[in-house]
Amino acid sequence: MAASKSSKKDKSKKTKKAGDDKKKLSALDAAAKILAEAGKSMSCKEMIEAMDKKGYWSSPGGKTPESTLYSGIIKEISTKGKESRFEKTDRGRFARA
């Protein structure tokens, strides 16, 4: 049994890569960062394209990442209120609060 435990430890060390310690941004965190950098209101589609272009976040294969992002932003605004990182500026457009 001791051999199997050491092989598991060795395997975990081998699979860990040099950049794994860096934390990946969530879609909402990436959207907040994009809006702060842009300094203007953007649609969810524009945010998704900018996040992918800059490498902050990309869709893991979902068919409607814009709708998912929109839903997440609306939920944050409704639950956090004035504490939210986002504000709705126009129909389908958001800015950094």
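Here are a few questions and answers about helix α3 and its surroundings in this predicted model.

Q: How are α3 and α4 oriented to each other: roughly parallel or roughly perpendicular?
A: Helix α3 covers residues 44-54 and helix α4 covers residues 65-80, and their axes sit 9 Å apart. They pack at an angle of about 110°. Angles from 65 to 115 degrees count as roughly perpendicular, so α3 and α4 are roughly perpendicular.

Q: How many residues in the contact of α3 with α4 are nonpolar?
A: From α3 come C44, K45, M47, I48 and M51, and they meet P65, E66, L69, Y70 and I73 in α4. Sorting the residues of this contact gives two charged, no polar and eight nonpolar.

Q: Where around α3 do its buried residues sit?
A: Start with the list: C44, M47, I48, A50 and M51 are buried. An α-helix has 3.6 residues a turn, so residues three or four places apart point the same way. The buried ones cover an arc of only 170° around the axis, which means that they are on the same side of α3.

Q: Which exposed residues does the other face of α3 carry?
A: Elements covering the buried residues of α3 include α2 (27-38), β1, α4 and β3. Now look at the face turned away from that buried side. There you'll find the exposed residues K45 and K53.

Q: Which strands are the edges of the open sheet?
A: The sheet has three strands, paired antiparallel in the order β1-β3-β2. An edge strand pairs on one side only, and that picks out β1 (42-43) and β2 (86-90).

Note on methods: Residues numbered from 1 in each chain as written. Predicted model: local features only at pLDDT ≥ 70, side-chain atom pairs only at ≥ 80, totals over all residues. Heavy atoms only, no water. Axes fitted to C-alpha atoms, helices over the stretch in contact; angles between N-to-C directions. Helix = DSSP H or I, 4+ residues; strand = E, 2+ residues; numbered from the N terminus. Parallel < 35°, antiparallel > 145°, perpendicular 65-115°, else oblique. Contact = heavy atoms within 4.5 Å. Nonpolar A, V, L, I, M, F, W, Y, C, P; charged D, E, K, R; others polar. Pairing = 2+ DSSP bridges. Buried < 20%, exposed > 50% of the residue type's maximum accessible area, 1.4 Å probe, protein only. Arc of directions from axis to C-beta.
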